[in-house]
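Colleague: Please give me a close look at one buried position and its surroundings. Start there, and then work outward to whatever it leads to.

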Amino acid sequence: MCSSIRIEPVVKEKNRMGECPVWEEREDALVYVDINSQKVCRWSAATGQVQSVAVDARVGSVALRQCGGYAIALGTRFAFLDWDTQAVTTILELERDKPNNRFNDGKVDPKGRFFAGTMAEETAPGVRARRQGALYTLFPDLSVIKQLDQVDISNGLDWSLDHRTFFHIDSLAYAVHAFSYDVHTGKIACPRLVYRLEEEEGMPDGMCIDAEGKLWVACIDAGRVIRVDPETGKRIQTVRLPTPRITSCCFGGKDYAEMYVTSAYDGLDEATLAKEPHAGKIFKITGLGVKGIPQNFFAA
């Protein structure tokens with residue numbers, strides 16, 4: 001199976017911190033964020049062109065809205081983004097007592113709720129306050145609940161195909177955890193370890209699930225995505241990419257048979273950057289032999 005895998009850079013405009021790729025079927029486009037450039041971006045598969053909207057804070061995640069446009073988590077607030085007018089409308093602000101925090105990864109659950117988590121920014125290279133983050137759920141009525149507290153870097157997330165399990169990454173735990181998930185209430189409970197990354201796999205970042213119920217985890221600084229079986233807790237596949245800072249992944253394209261992988265160039269020194277011409281690009285992987293599932297829409 002592995003011999004047919006093909007990796008190509010499709011978005012060559014480099015991202016400081018490309019993240020949260022979402023396939024938008026109705027636009028035949030990949031939507032993603034560049035956190036550190038404070039931009040929400042959209043790459044057209046038909047034209048190969050990238051459009052972007054600048055926002056006024058670091059934007060950790062973007063989600064599709066059924067009615068068009070996007071929900072975003074930026075700074076420490078949830079907001080709506082109207083793509084056509086570029087207007088950003090704040091829904092609510094959180095963590096006003098934590099000025100060093102910002103939202104990070106997020107995704108919409110099977111019932112149209114937007115889950116997104118926070119983290120503390122570094123105050124110096126490699127230095128950050130610990131356990132300052134949280135995981136929140138924004139409901140379609142625009143109310144919000146806190147699901148987890150004392151998180152370091154809330155990151156990749158997804159749901160099992162039977163909608164009974166929620167998967168979540170706190171990057172500094174170097175692991176993927178599973179929670180029982182009540183699809184009716186959106187509540188999570190009873191965490192358990194699914195997979196602990198091996199040393200050469202680096203730190204886990206973004207994550208998505210495939211149509212066989214297996215998890216794909218982006219390994220930042222290890223230049224790879226890994227496929228994990230959440231039932232057995234075993235890694236079953238590794239796909240190496242041509243740049244080290246691999247940040248997230250999603251399925252998309254025709255029949256969701258392609259994987260799109262984001263990367264970053266922030267965090268690489270000048271000497272390393274000179275040797276990493278692909279840093280910050282977005283890659284398309286074909287020939288994996290497995291498909292993904294469509295993204296959920298935020299139901300407001």
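Modeller: G117 sits in strand 11, which runs over residues 114–120. The model is predicted. G117 has a relative accessible area of 0%, so it counts as buried. Leaving out residues up to four places away in sequence, G117 touches R102, F103, N104 and D105. It also touches A134, L135 and S154.

Two links lead outward. The first is aromatic. F103, one of the residues that G117 touches, belongs to an aromatic cluster. The other members of that cluster are F78, F80, F114, Y136 and F298. F114 has the number at which strand 11 begins.

The second link leads along the chain. L157 is 40 residues away from G117 in sequence, yet the two C-alpha atoms are separated by 9.6 Å. L157 falls within 154–159, the range of strand 14. S154, a contact of G117, has the number at which that strand begins.

Now the sheet around strand 14. It is an open sheet of four strands, in the order 14-15-16-17, with antiparallel pairing. Strand 14 and strand 17 (188–196) are the edges; each has a single partner strand, so one side of each has no neighbour in the sheet. On average, and ignoring direction, neighbouring strands are turned by 25 degrees against each other. Strands of a sheet pair through backbone hydrogen bonds, either parallel or antiparallel. Strand 14 pairs with strand 15 (residues 165–170) over four bridges, in the antiparallel sense.

Take W159 next. Its bridge partner in strand 15 is F166. W159 and F166 are both buried. Aromatic pairs come to 14 in the model. W159 and F166 make one of them: the ring centres are 5.3 Å apart and the planes stand at 45 degrees, so the pair is tilted.

Further along the chain is D210. It lies in the loop between strand 18 (203–209) and strand 19 (215–220). Its relative accessibility is 0%, so D210 is buried too. Its side chain makes a polar contact of 2.9 Å with the side chain of W216. A polar contact of 2.9 Å also joins the side chains of D210 and R227. Beyond its neighbours within four places in sequence, D210 is in contact with W216 and R227, along with L161, F251, V290, K291 and G292.

Back toward the start of the chain, compare R42. It lies in strand 4, residues 39–44. Its relative accessible area is 11%; the limit for buried is under 20%, so R42 is buried. Its side chain has a polar contact of 2.8 Å with the side chain of Y70. Neighbours within four places aside, the contacts of R42 include E24, E27, A29, L30, V31 and Y32. Q49, V50, Q51, Y70 and W83 are in contact with R42 as well.

Last, the annotated region. An unreviewed UniProt entry gives residues 17–264 as "domain: SMP-30/Gluconolactonase/LRE-like region". The span is 0% helix and 57% strand. The C-alpha atoms at its ends lie 4 Å apart.

Technical notes:
Residues numbered from 1 in each chain as written. Predicted model: local features only at pLDDT ≥ 70, side-chain atom pairs only at ≥ 80, totals over all residues. Heavy atoms only, no water. Pairing = 2+ DSSP bridges. Helix = DSSP H or I, 4+ residues; strand = E, 2+ residues; numbered from the N terminus. Axes fitted to C-alpha atoms, helices over the stretch in contact; angles between N-to-C directions. UniProt positions renumbered as here; feature names shortened; annotations may be inferred. Buried < 20%, exposed > 50% of the residue type's maximum accessible area, 1.4 Å probe, protein only. Polar contact = N/O pair within 3.5 Å; in protein donor to acceptor, adjacent residues only side chain to side chain. Contact = heavy atoms within 4.5 Å. Phe/Tyr/Trp six-rings, centres within 6.5 Å; stacked < 30°, edge-to-face > 60°.
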